[in-house]
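Colleague: I'm new to this one and would like a close look at a single part. Could you walk me through it?

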Amino acid sequence: MAEKAYTGRITVDPITRIEGHLKIDVEVKDGVISNAWSSTQLFRGLEMIVLGRPPEDVHNYVQRACGVCTTSHALVSIRAVENAMNFKAPPAAELVRMLILGTLDVHDHLVHFYHLHALDFFDMASALKADPVAAAKQATQVSGREAQPGDYYMVQARLKKFVESGQLGWLTNAYFLGGHPSYRLTPEENLILAANYLEGLRVQLKLARAMAIFSGKNPHAQTMQVGGVTCYESLRPERLAEFKAL
Amino acid sequence: MSSSSRISAKLLDRQLEGGRMSRRDFMKFCGIVAAAMGMPPAFAADVAQALETKKRPSVIYMHGAECTGCTEGLLRAVDPYVDTLIMEVISLDYCETIMAAAGHAAEQALEKAMKNPDGYYCTIEGAIPLRDGGVWGKVGGETMLSLFARVAGKAKGVIAMGTCACYGGIQAAAPNPSGAVGVGEALAAMGIKPINISGCPPNPINYIGTVVHLLTKGMPDLDAVGRPKMFFGSTVHDKCQRRKHFDAGEFAPSFQSKEARAGWCLHLLGCRGPYTYNNCPTAQFNQTNWPVRAGAPCIGCSEPGFWDQYAPFNRDVLMKGEKA
Amino acid sequence: MKRLLCIMTAMAMLTLPCFASAYEVPKDLIIKRPDKTPQQSTWIGQVKFPHGFHAVYNNCKACHHEESDRSLGQFLPCTQCHVKSGQDEPTGFYRAFHNSSPVSCLGCHKQKRLAKQGTPPISCTRGCHKKQ
């Protein structure tokens with residue numbers, strides 16, 4: 001697309017790699033965005049649904065506002081009710097809640113960056129052309145951990161096999177296919193990020209498991225209630241050790 | 001028939017008769033195909049690989065009125081891991097949560113996936129809003145009702161993922177502002193009977209187990225509300241580890257009681273286990289825990305209409321005449 | 001006219017004895033554990049079952065589900081057939097009442113609640129197994 005000279009309207013619907021349904025409309029004048037609108041494409045009415053229900057129940061309902069940041073809605077709802085009652089939860093409960101929220105934060109940072117955003121920044125196809133040894137060297141420099149060229153070679157081989165199968169799956173029509181000027185990273189950097197993308201899928205498992213030790217399950221925690229948390233079993237030493245190990 | 005296609009037919013016939021094709025013959029066949037495609041002889045090796053590699057089944061994953069919790073739940077799968085699943089087991093040809101393309105590119109990816117000559121399986125997460133012609137939920141400018149009818153209608157099989165897709169879920173709770181209903185109900189007129197994997201969210205084992213069963217042994221046995229009996233055949237109460245406390249009449253009276261601390265039965269605190277069908281006590285979530293084990297009473301999240309029928313949650317289910 | 005009156009009286013005389021010896025549907029029943037089934041829990045005793053109430057609102061065959069060849073006065077109690085002990089026994093004593101099928105107490109009560117046709121009891125301690 002000749003970006004510099006374009007004048008007109010661009011609609012992107014659906015916006016992908018988000019939670020929910022979003023439409024973005026932009027008006028472009030000579031390659032510069034002059035006006036923009038965003039519009040949600042789904043209305044469920046959770047606020048209307050919780051009206052009239054007992055306050056101590058509401059955290060279950062609003063948690064389903066989003067399955068990615070799920071626990072944050074539940075916690076806020078519980079805090080709102082406790083504030084209204086001028087009630088302070090016991091310190092142990094607060095600690096457990098913080099642990100649950102903390103694991104959610106780390107989990108979300110990881111998943112949000114790699115599996116939701118990163119495909120806008122790194123080019124999986126270009127990773128196939130990278131030199132694994134150079135990639136490992138760069139990764140070691142940047143991250144401070146010892147990166148093995150063998151690992152990157154394996155990732156590259158796996159990607160190669162995947163691309164050659166002809167079934168690109170969720171990478172179909174990706175913007176980087178065939179090269180795109182917006183993707184400015186070197187092939188080695190792309191390979192590092194591709195490897196992290198795949199490894200990230202395994203790491204997020206452990207983070208979710210750590211949260212589940214206190215929240216009962218992940219997504220959608222169930223142990224947080226108005227007044228505290230219910231997970232006595234999780235405070236046993238072996239469970240705490242399990243959490244720490246993760 | 002041209003000479004090249006005649007040779008191909010002869011080679012294929014031999015294969016069909018059950019006689020094994022020698023490697024040399026097979027490569028000869030690939031060479032002919034390559035030549036027919038106007039490619040140099042070296043391309044024969046690529047053809048060989050493409051034919052040998054079995055094509056991964058195509059899955060189209062649609063999102064309706066949902067919270068994406070079920071997709072997140074799927075990300076927690078361990079057997080197989082989700083990266084193995086989407087790279088080596090299936091071909092996830094459309095899934096708005098992780099797919100690279102957006103807007104028109106995504107729409108085209110969907111249309112391309114729907115034209116797959118080998119067909120595709122459709123998984124739908126989230127309910128379908130019906131009020132006002134379905135305008136309260138749209139994807140790419142098309143109502144979810146219309147889009148899902150198209151996609152599910154052509155699919156080899158439809159799986160409704162999560163309580164929302166099965167029975168309407170959270171948005172269908174009173175007063176159901178968007179008129180949301182489950183996939184089975186919305187598309188019943190088309191004769192679509194999805195396999196219901198309910199739960200809020202479902203254990204990924206239940207979904208993946210069903211997909212594997214579909215691909216290897218065909219349709220699983222379903223219960224009266226469309227859930228595979230192998231996962232939803234018993235109640236949470238049946239296999240609960242706190243059952244010995246229930247049987248002994250040991251009920252925790254409140255969350256802060258010493259009985260709750262001791263892990264007594266949560267019946268009086270509103271556990272819906274006895275009438276909830278799911279495998280939570282045995283399968284567990286994230287390989288480590290499940291609500292009752294963590295002291296949280298079951299809310300019955302795999303049952304139709306549980307947001308209304310089993311509410312309010314932290315007390316025993318309401319009797320006739322009792323108010324919330 | 002007189003002939004009609006005679007016929008009417010004769011008919012009334014014939015039907016009267018039928019009503020006099022009509023079958024009476026049992027009003028309240030006690031559901032007892034069959035002798036050989038061991039007690040599963042310590043606190044669950046007998047269940048007082050308002051049979052008459054159920055008979056008014058439901059078809060007999062809705063609960064007496066395997067007795068299509070029988071009629072009023074001939075139906076069997078559940079415990080006649082459902083005698084096997086063990087919670088996992090699919091047609092055992094426990095499952096007869098606690099099942100997803102609408103033929104069982106729990107299954108039907110769940111369905112009615114879902115269809116918003118009232119709030120029949122499903123609670124363990126406050127419903128059917130309430131301490132009398």
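Which backbone nitrogen lies 3.0 Å from a polar atom of the side chain of Asp223(B)? And once that is clear, please take me on to where chain A and chain B meet.

Modeller: Keep in mind that this is a predicted model. The backbone nitrogen you're after belongs to Val225(B), and a polar atom of the Asp223(B) side chain sits 3.0 Å away from that nitrogen. As for where to look, Asp223(B) is in the loop of chain B that runs between α10 (204–216) and α11 (229–232). Asp223(B) counts as buried because its relative accessibility is 17%, under the 20% cut-off. If you set aside neighbours within four places in sequence, Asp223(B) is in contact with Lys229(B) and Phe232(B).

Now for the two chains together. Their contact takes 73 residues from chain A and 84 residues from chain B. Between them the chains bury about 6,800 Å², with 56% of that on carbon and sulfur atoms. On the chain A side, Gln167(A), Trp170(A) and Tyr232(A) lose the most area to chain B, together 11% of what that side buries.

There's plenty to follow in polar terms too: 51 residue pairs are in polar contact across the interface, both partners at pLDDT 80 or more. α7(A) gives the largest share of the chain A side that touches chain B, with 11 residues. Sorted by class, that side of chain A has 33 nonpolar, 24 polar and 16 charged residues. The chains also share 5 salt bridges, one of them joining the side chains of Arg158(A) and Asp83(B) at 2.9 Å, N to O.

Definitions and conventions. Residues numbered from 1 in each chain as written. Chains lettered and ligands numbered in written order. Predicted model: local features only at pLDDT ≥ 70, side-chain atom pairs only at ≥ 80, totals over all residues. Heavy atoms only, no water. Helix = DSSP H or I, 4+ residues; strand = E, 2+ residues; numbered from the N terminus. Buried < 20%, exposed > 50% of the residue type's maximum accessible area, 1.4 Å probe, protein only. Polar contact = N/O pair within 3.5 Å; in protein donor to acceptor, adjacent residues only side chain to side chain. Contact = heavy atoms within 4.5 Å. Buried area = accessible area lost by both parts, 1.4 Å probe. Salt bridge = Lys/Arg side-chain N within 4 Å of Asp/Glu carboxyl O. Nonpolar A, V, L, I, M, F, W, Y, C, P; charged D, E, K, R; others polar.
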